[in-house]
Structure formats: C-alpha cells, structure tokens
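Colleague: Could you pick one part of this model and take me through it closely, from its surroundings to its individual residues? I'd like a joined-up picture rather than a list.

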Amino acid sequence: MLNNAWLVLGLIGQTIFSGRFLLQWIYSEYKRRSVIPVAFWYASIVGALLLLCYACYKKDPVFIVAQASGLLIYLRNLQMRRRDKKEPAPESTELAS
C-alpha cells in the first residue's frame, strides 16, 4: 500500500511539473506574446519538491541531483522576480521636448 502512495505522489509531482508548460503556453496565448508567469515558477517548485521526495524514496541519485539542482534554479528565479518587483523602476533618460 505504501508503494502505491509513493507512486501516486510521483505521478502528481510529474503532472504538476509537466503542467507548468501548458500553463505558460496558455498564459502566453492570453498575453499574445511569450511570457513566463510567476505561477510557472511556483508549479516548478511544487512539482520538483514532490519529485525530489519520490526520487529520495526510490534512492535514485541521478533523479535526486536533477530535481535538487532544478529546484535551486526555480527558487532563484522566483527570488529575482520578487526583488525586481520591490526595486523602483529606473527613471527615464529621455529628455522632454
């Protein structure tokens, strides 16, 4: 029974992780330009965490390293987005005519 729970966790993680691309595509179509919404990074983090748990359960070092390193990148991207929101926009260098 426990094996089935881990399998379900792994499948949910993979669904969330893969679904982020669908999310990005739909959002880009809505904006009519290529955009990565903040929800993409949250889905990346949740999916990677669930998959990392599953990889640890399976004791697969390749899978563990892949998910852990990806997780660091997703967290860093989210941190940069938050920092950019807090910083004031640079003043325009254009001269008024």
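**A close look at helix 2 and its surroundings**

Modeller: Let's start with Tyr57, which touches Asn3 and Trp6 once residues up to four places away in sequence are set aside. Keep in mind that this is a predicted model. Tyr57 sits in helix 2, and its C-alpha is 10.0 Å from that of Leu7, although 50 residues separate the two in sequence. With a relative accessible area of 30%, Tyr57 is partly exposed, because buried would take a value under 20% and exposed one over 50%.

Now step back for the overall layout. The protein has three helices and zero strands, and reading from the N terminus the order is simply α-α-α. Helix 1 covers residues 2-31, helix 2 covers residues 38-58, and helix 3 covers residues 61-86. Of the 97 residues in the protein, 26% are buried. If you take the contacts between residues at least 6 apart in sequence, 60% of them join residues at least 24 apart.

Helix 2 has a partner on either side in sequence, and I'd take helix 1 as the starting point. The axes of helix 1 and helix 2 come within 8 Å and cross at roughly 155°. That angle is over 145 degrees, so helix 1 counts as roughly antiparallel to helix 2. The handedness of this crossing is left-handed. Sorted by class, the residues in the contact of helix 1 with helix 2 come to 18 nonpolar, seven polar and one charged.

Two residues of helix 1 are worth a look here. Gln24 lies in helix 1 and has a relative accessible area of 17%, so this glutamine counts as buried. Beyond its neighbours within four places in sequence, Gln24 is in contact with Ser34, Val35, Ile36, Pro37 and Phe40. The C-alpha atoms of Gln24 and Ala39 are 8.4 Å apart, with the two positions 15 residues apart in sequence. Further along helix 1 is Ser28, which is also buried, at 11% relative accessibility. Leaving out residues up to four places away, Ser28 touches Arg33, Ser34 and Val35. Ser34 and Val35 therefore turn up among the contacts of both Gln24 and Ser28, two residues that are buried at 17% and 11%.

The loop between helix 1 and helix 2 holds Arg32. Its phi is near 60°, a positive value in a residue that is not glycine. Arg32 is exposed, at 78% relative accessibility.

On to the other partner. The axes of helix 2 and helix 3 come within 9 Å, and they too cross at roughly 155°. Helix 2 is therefore roughly antiparallel to helix 3, and the crossing is left-handed. By class, this contact has 18 nonpolar, three polar and two charged residues. On the helix 2 side the residues that take part include Trp41, Tyr42, Ile45, Leu49, Leu52 and Cys56. On the helix 3 side they include Phe63, Ile64, Leu71, Tyr74 and Leu78, and the two arginines Arg81 and Arg82 are there as well.

Cys56 brings up the cysteines. What is the disulfide count? It comes to zero. Cys53 is in no disulfide, and the nearest cysteine sulfur, the one in Cys56, is 6.7 Å away. Why is there no bond at Cys56? A disulfide needs the two sulfur atoms within 2.5 Å, and the sulfur of Cys56 is 6.7 Å from the closest one, in Cys53, so the gap is too far for a bond. Cys53 is partly exposed at 39% relative accessible area, and Cys56 is partly exposed at 41%.

Last comes the loop between helix 2 and helix 3, where you'll find Lys59. Lys59 has a positive phi of about 55° although it is not a glycine, and it is exposed, with a relative accessible area of 70%. That gives each of the two loops beside helix 2 a non-glycine residue with positive phi: Arg32 in one and Lys59 in the other.

Notes
Residues are numbered from 1 along each chain as its sequence is written. This is a predicted model: local features need pLDDT of at least 70, side-chain atom pairs count only at pLDDT 80 or more; totals for chains, interfaces and linings use all residues. Side-chain values use heavy atoms; hydrogens and water are left out. Helices (H or I, at least four residues) and strands (E, at least two) are DSSP runs, numbered from the N terminus. Buried means under 20% relative accessible area, exposed over 50%, partly exposed in between (1.4 Å probe, protein chains only). Contact means heavy atoms within 4.5 Å. Axes are lines fitted to C-alpha atoms, for helices over the stretch in contact, and angles run from 0 to 180 degrees between N-to-C directions. Angles under 35 degrees count as roughly parallel, over 145 as roughly antiparallel, 65 to 115 as roughly perpendicular and the rest as oblique. A crossing is left-handed if the near helix is turned anticlockwise from the far one by less than a right angle, and right-handed if clockwise. Ala, Val, Leu, Ile, Met, Phe, Trp, Tyr, Cys and Pro count as nonpolar, Asp, Glu, Lys and Arg as charged, and the others, Gly among them, as polar.
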